[in-house]
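User: I have a model open and want to learn how to read it. Can you take me through a few features, with the general idea before each case?

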Amino acid sequence: MFSIIRSNQRKSAFLIAALGLLLGLVGYAIGFYIAPSAGIFGLAAALIVWLLLLLTSLAGGEAMLMAQAGAREITDKRDAPQLVNIVEEMQIASGLSQPPKIYIVDSTIPNAFAVGRNEKRAAVAVTTGLLARLNRDELQGVIAHEIAHIRHRDTLFMTIAGTTFGAIVLLADFFVRGLRFSAAGQRRSSNRNNNGGAILLILALLLSILAPLLAQLLYFACSRRREYLADASAVQFTRYPEGLASALEKIAGAQKPDAATSRVLAPMYIINPQAAMGRDSTWLSTHPSTKDRIRILRSIGSTASLQAYETAYQNFHGGKHVLGDLTATDTAEPVRPPAPIALAAVALPPAWRTARGVLHEVDDARIVDCSCGLRIRIPPAWRGSEITCPRCGSIHKIESASEPTSSQRDA
Amino acid sequence: MTGLVILGVAVALILMFVGLYNGLVRLRNEVKNAWAQIDVQLKRRHDLIPNLVETVKGYMTHERETFEAITRARSGAMSAQATGNVGQIAQAEGVLTGALRGFYAVAENYPQLKADANFRQLQEELTSTENKVSFARQFYNDAVLKYNTACETIPSNIVAGIGGFKKAEFFEIKDEAERAVPQVKF
């Protein structure tokens with residue numbers, strides 16, 4: 001575990017230095033634009049802005065970020081007993097010194113994220129839509145992934161990198177707007193009309209336009225590998241890869257482009273709210289493609305370990321490493337059986353049940369009536385060709401997606 | 001001159017002894033701390049079971065043997081916990097897990113019971129407690145492995161012999177029975 005933290009720290013330091021350099025350049029360019037000799041003042045101003053933003057975001061801490069996301073804290077266990085239990089379980093499994101604070105966001109779109117500059121000031125948040133859709137094992141997979149982010153100090157890195165990225169966007173935006181505003185005045189002033197100055201000015205302008213894009217690339221490239229790492233650790237913590245795999249499937253299937261989430265917060269979610277299921281991962285993505293994450297999780301054999309995840313990753317990525325020597329801190333435990341089926345549904349108020357029934361219908365769920373009297377609703381994501389009745393154990397064939405009702409009813 | 005050399009060697013030996021001794025104490029305390037985590041969860045598990053039996057009695061009037069098996073397994077586990085013997089505790093907890101599994105399998109036949117909010121909450125708490133035990137077990141066994149290795153290897157084994165450090169026992173709950181609850185196949 002500690003080697004994961006150390007390896008992450010080296011890469012984080014490099015990335016944050018690169019982002020800081022970019023920020024400094026933008027500041028210099030702005031200063032230079034105002035007056036060729038004022039470049040250094042621009043640089044200083046940019047660094048001061050950066051420092052102020054950094055201090056506020058670190059001092060404000062998890063409470064401020066959670067308020068931004070519109071989350072409310074769960075302080076009474078009775079409000080969400082299963083969620084609190086799962087967070088405590090994952091705290092033990094991950095070896096965190098204390099459980100993170102738990103927040104709930106009122107949104108029908110299922111998602112989850114974690115924030116916090118250290119283990120003591122960490123928090124995880126889930127949406128009500130997530131709680132309504134996931135069963136116990138799936139929720140455990142999601143929480144394990146988020147706690148892995150806290151444990152790997154990804155949340156600290158994301159706060160710093162996100163703030164720096166925000167500062168670059170802010171400055172560049174300010175500059176480009178100011179430029180448009182003063183364009184008329186520029187033409188009248190004659191003392192800057194020499195050629196060399198013009199070229200440098202264009203360079204400065206170009207830099208300010210490209211900087212946010214470049215910063216975004218740097219920021220997102222780093223977050224993709226962290227997602228694989230957090231998935232691998234989640235497998236190690238829960239010993240049940242299928243839980244996270246099917247949770248990712250459900251979450252990705254229910255995403256809608258959500259204007260409310262900012263570009264800065266996006267990499268912190270378990271699945272980027274702005275990305276959909278089918279899309280492949282590109283160099284502009286914050287997360288690896290969900291398909292890829294799911295197929296890696298599903299191809300892990302019977303051992304829940306970092307090494308098993310690494311092997312599964314290599315099968316799909318031509319032998320490339322993702323964890324590398326980090327598997328040295330491994331523990332090898334067998335994959336456990338799923339939780340009892342009676343626990344599958346979270347205890348929800350009746351209104352939620354009705355809402356779920358409607359959702360099932362909208363999702364075009366297939367329904368099989370078993371001879372024992374149980375009605376089985378088959379989720380649209382179900383890929384198998386048969387299903388075992390959870391009550392009596394008899395096996396039902398599922399015809400195909402185009403024939404929604406089963407042959408059982410006619411029989 | 002030789003006097004000085006002997007003195008130097010003696011001081012070095014004493015310092016080494018102190019260092020090794022303190023290292024062993026630290027490892028032993030880690031084992032104790034890890035065990036305390038498991039102990040808390042086991043106690044909680046035992047406390048939950050009377051509530052479970054009480055809730056279920058109204059629904060399952062014909063399943064006396066199942067209740068008795070659970071109650072017996074619980075008192076067995078509690079007396080094992082009182083002895084503090086890791087091997088005995090593991091064995092008794094295994095029996096309790098088996099009894100609870102048998103009970104869940106029977107409970108599948110009582111749809112009304114499964115819908116009872118109280119029962120669901122108790123089952124959630126029990127599942128969570130079992131999970132916590134199994135996650136805490138890994139930390140405990142890691143700590144035991146480190147401590148036992150120190151107790152066996154040269155030179156700390158000499159210090160362990162003199163200081164009376166005894167090897168700790170691994171905590172493994174025997175899990176022979178498959179989950180009796182039917183599962184959806186993937």
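Analyst: Start with contacts. Two residues are in contact when heavy atoms lie within 4.5 Å. Apply that to B:Asp116. Leaving out residues up to four places away in sequence, B:Asp116 touches B:Thr55 and B:Tyr59. Keep in mind that this is a predicted model.

User: Where is B:Asp116 found in chain B?

Analyst: B:Asp116 sits in the loop between α4 (111-115) and α5 (117-152) of chain B.

User: Which side chain of opposite charge is nearest to B:Asp116, and how far away is it?

Analyst: The general idea: a salt bridge needs a side-chain nitrogen of Lys or Arg within 4 Å of a carboxyl oxygen of Asp or Glu. Here the nearest candidate is B:Arg120, 8.3 Å away. B:Asp116 is buried and has no salt bridge. Its side chain does reach the backbone nitrogen of B:Phe119, at 3.0 Å.

User: Now chain A. Is A:Arg293 buried or exposed?

Analyst: Buried means under 20% relative accessible area. A:Arg293 has 0%, so it counts as buried. The residue lies in helix α9 (residues 290-298) of chain A.

User: What does the side chain of A:Arg293 make a polar contact with?

Analyst: The side chain of A:Asp231, at 2.9 Å. Beyond four places in sequence, the contacts of A:Arg293 also include A:His145, A:Glu227, A:Tyr228 and A:Leu248. For a view across the chain, take A:Ala232. It is 61 residues from A:Arg293 in sequence, with 9.9 Å between the C-alpha atoms.

User: And A:Arg151: which partners does its side chain have?

Analyst: Check burial before partners. A:Arg151, in helix α5 of chain A, has 8% relative accessibility and therefore counts as buried. Its side chain reaches the backbone oxygen of A:Ser94 at 2.8 Å. A polar contact of 3.1 Å joins it to the side chain of A:Glu119.

User: Which elements of chain A have the highest and lowest mean pLDDT?

Analyst: Helix α5 (residues 136-151) has the highest, 93. Helix α11 (residues 350-362) has the lowest, 50. Chain A as a whole averages 75, and 69% of its residues score at least 70.

User: Where does pLDDT stay under 50 in chain A?

Analyst: The general idea: where pLDDT is low, the predicted coordinates should not be read in detail. One such stretch is residues 342-354 of chain A, where the model has 24 contacts beyond four places in sequence. Another is residues 401-411 of chain A, with 14 such contacts.

Definitions and conventions: Residues are numbered from 1 along each chain as its sequence is written. Chains are lettered from A and ligands numbered from 1 in the order in which they are written. This is a predicted model: local features need pLDDT of at least 70, side-chain atom pairs count only at pLDDT 80 or more; totals for chains, interfaces and linings use all residues. Side-chain values use heavy atoms; hydrogens and water are left out. pLDDT is the predictor's confidence in each residue, from 0 to 100. Helices (H or I, at least four residues) and strands (E, at least two) are DSSP runs, numbered from the N terminus. Buried means under 20% relative accessible area, exposed over 50%, partly exposed in between (1.4 Å probe, protein chains only). A polar contact is a pair of N or O atoms within 3.5 Å; within protein, one must be able to donate a hydrogen and the other to accept it, and residues adjacent in sequence count only if both atoms are side-chain atoms. Lys and Arg count as positive and Asp and Glu as negative; His and the chain ends are not counted.
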